[in-house]
Amino acid sequence: LNRLGLRWETVLDGHRRWLLLPCYEVPAGYMAAHTTIAIEFPTSYPAAQLDMFYCHPPLIRQTGGDIPQTQHVETICGIPHQRWSRHRQWDSSRDSLTTHLALVDESLRREVEA
């Protein structure tokens, strides 16, 4: 994360461990230029997959219209985050935070390039 120039912090909210990436740049086409990305880290990571990601503030397309599978809100440390329900097959011998961030970036791009 440091090599990528990303700001980050980890937090514990109850028994859930989170990585927060504040000021995460999003592609053009959203109402906001940046959001905080939150990723939950299961206790058995990396054997257990990283799944989904969460945004605060919520991302809204400049053109309007609902973004599929983003209607659920997850409260993390008292702050509401928009859940992006995006999934893939997880291979613990190959996948990591790096490959999950590639999923995040691809998912954000796809919603404004369509």
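Two strands count as paired if DSSP finds at least two bridges between them. By that yardstick, strand 2 and strand 3 (residues 34-41) of this predicted model are a pair, running antiparallel and joined by seven bridges. Within this pairing, tryptophan 18 sits opposite glutamate 40 of strand 3.

Strand 2 (residues 16-25) also runs antiparallel to strand 1 (residues 9-13), and here five bridges hold the two together. At the turn end of things, aspartate 13 has arginine 16 of strand 2 as its bridge partner. The hairpin made by strand 1 and strand 2 has two residues between the strands, and glycine 14 adopts a positive phi there, near 70°. As for side chains, those of a regular strand alternate between the two faces of the sheet.

Zooming out, the protein has six strands and one helix. Read from the N terminus, the order is β-β-β-β-β-β-α, which puts the helix after the strands.

What about overall shape? The C-alpha trace spans about 40 × 30 × 30 Å along its principal axes. The radius of gyration is 14 Å, which agrees with a compact globule because 114 residues packed that way would come out near 13 Å. Of the 114 residues, 38% are buried. Looking at contacts with a separation of 6 or more, 49% come from residues 24 or more positions apart.

On the outside, the protein exposes about 6,700 Å², with carbon and sulfur atoms supplying 53% of that area. Charged side chains number 11 positive and 13 negative, and the centres of the two sets are 2 Å apart.

Key
Residues numbered from 1 in each chain as written. Predicted model: local features only at pLDDT ≥ 70, side-chain atom pairs only at ≥ 80, totals over all residues. Heavy atoms only, no water. Helix = DSSP H or I, 4+ residues; strand = E, 2+ residues; numbered from the N terminus. Rg over C-alpha atoms; globule rule 2.2 N^0.38 Å. Buried < 20%, exposed > 50% of the residue type's maximum accessible area, 1.4 Å probe, protein only. Contact = heavy atoms within 4.5 Å. Areas by Shrake-Rupley, 256 points an atom, 1.4 Å probe, with all protein chains shown as cover. Lys, Arg positive; Asp, Glu negative; His and termini not counted. Charge placed at Lys NZ, Arg CZ, Asp CG, Glu CD.
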